[in-house]
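Visitor: Could you take me through this model by question and answer?

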Amino acid sequence: KDGLNHAAAIWNPEGDMGDIEIWEMAEPLLYLGRNVKANSGGYGKYRGGCGFETLRMVWNAQDWTMFFMGNGYMNSDWGMMGGYPSATGYRFEAHKTGLEQRIVVGDSLPLGGDLDPTRPDYERHIDATAVVKRDKQCMTTEDCYDNHDLYLNYLRGGPGFGDPIDREPKAIEKDLNEKFLLPEYAQKVYGAVFTQDAKGVFGVDAVKTAARRAEMRKERLARALPTREWMKEERERIINKHAAVQVQHMFATSFALSEKFTKQFKDFWSLPAEWQLLEDDLGVPTYGSKHRMDLSLMPDVTTVVQVEE
């Protein structure tokens with residue numbers, strides 16, 4: 001089955017959703033939009049559940065600060081059996097929007113969902129001089145918000161399961177018409193061939209879709225690399241330490257913690273005996289990287305030793 005759309009923490013879904021009226025009583029934030037987040041669920045034979053977004057306008061606040069956390073280039077869930085991970089996030093906030101005057105004179109307002117962030121629409125309904133922050137910064141420090149400023153709260157979707165080009169055409173058609181999937185990705189990822197009538201209703205052609213998917217499988221084979229060759233290339237990358245500093249640091253700290261893991265890693269990749277990756281070589285200061293303490297030396301601590309059977 002497909003994932004559950006806009007599912008929140010199972011023990012308290014109200015924490016992320018709940019009634020608009022209750023939240024507006026509790027916070028100085030009015031709702032201008034509240035939608036299922038399009039294209040946020042991971043692609044797959046069974047797609048991940050779509051996330052949730054709310055556009056809020058600060059109203060009747062005296063001193064209000066907010067920040068974004070975990071919204072940028074990062075995934076929290078990975079797909080399975082060929083499925084894609086859920087979409088990465090982004091942030092949208094706007095200051096000095098001019099919405100106070102636009103409301104007075106009856107001009108258009110930014111309402112509803114941010115359907116396609118690559119073709120933004122909110123900006124057309126605020127002043128051209130507004131200070132807009134629309135980017136993929138992962139975390140932000142606190143930012144001050146004045147009345148009539150905007151804040152988009154975006155909750156991630158879930159990962160997909162199975163190869164996307166095995167998805168039933170009718171399921172793709174349904175996602176397109178419910179705005180859970182953007183047309184561009186129905187074509188590129190699912191291989192769907194579809195039409196849209198004068199009323200905006202999508203229809204997926206099953207026969208043409210099957211033909212396009214056959215072409216996609218041939219394209220995959222043409223650019224595929226045998227596992228043996230891939231491992232040979234990957235081994236050279238490891239020997240030359242060709243990886244981001246963050247990745248190197250992750251492995252260096254793991255090697256420092258476990259001789260067993262270090263040996264298994266080197267044996268698996270047939271690395272030279274003298275090959276090593278040390279934290280000191282990376283120049284990344286990390287609390288606790290140099291001085292570690294045997295917990296059993298601490299007062300009132302009894303350690304539990306795990307053994308392999």
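Guide: The turns below go from the basis of the model to its domains, cores and helices.

Guide: This is a predicted model, in which local features need pLDDT of at least 70, side-chain atom pairs count only at pLDDT 80 or more, and totals for chains, interfaces and linings use all residues. Residues are numbered from 1 along each chain as its sequence is written, and side-chain values use heavy atoms, with hydrogens and water left out.

Visitor: How far apart do the C-alpha centres of domain 1 and domain 3 lie?

Guide: The domain assignment, which is automatic or from a database, gives domain 1 (20-155), domain 2 (165-223) and domain 3 (227-281). Between the C-alpha centres of domain 1 and domain 3 the distance is 40 Å.

Visitor: Which element gives the largest share of the largest nonpolar core?

Guide: A nonpolar core is a set of buried Ala, Val, Leu, Ile, Met, Phe, Trp, Tyr and Cys residues joined through side-chain atoms within 4.5 Å, where buried means under 20% relative accessible area, exposed over 50% and partly exposed in between (1.4 Å probe, protein chains only). The largest one has 13 residues, with Leu-55, Phe-92, Ile-126, Leu-150 and Leu-152 making the most contacts inside it. Two or more residues come from each of β2 (52-58), β4 (91-95) and β7 (150-155), strands being DSSP runs of E of at least two residues and helices runs of H or I of at least four, numbered from the N terminus. The largest share, 3 residues, is that of β7.

Visitor: Why do the buried residues of α5 lie on the same side of the helix?

Guide: Helix α5 (residues 206-223) has 18 residues and reaches 26 Å from its first C-alpha to its last, close to the expected 26 Å, a span taken as 1.5 Å times one less than the number of residues. Its buried residues are Thr-209, Arg-213 and Met-216. They share one side of α5 because, judged by the directions from the helix axis to the C-beta atoms, they cover an arc of only 55°.

Visitor: Which elements do the buried residues of α5 pack against?

Guide: The face of α5 turned away from its buried side carries the exposed residues Val-207, Lys-208, Lys-218, Leu-221 and Ala-222. With contact meaning heavy atoms within 4.5 Å, the buried residues pack against α3 (169-177), α4 (183-188) and β9 (202-204).

Visitor: Within what arc do the buried residues of α7 fall?

Guide: In α7, Gln-248, His-249, Ala-252, Thr-253 and Phe-255 are buried, and what covers them includes α8 (259-268). Seen down the axis, they line one face of α7, because they fall within an arc of 160°.
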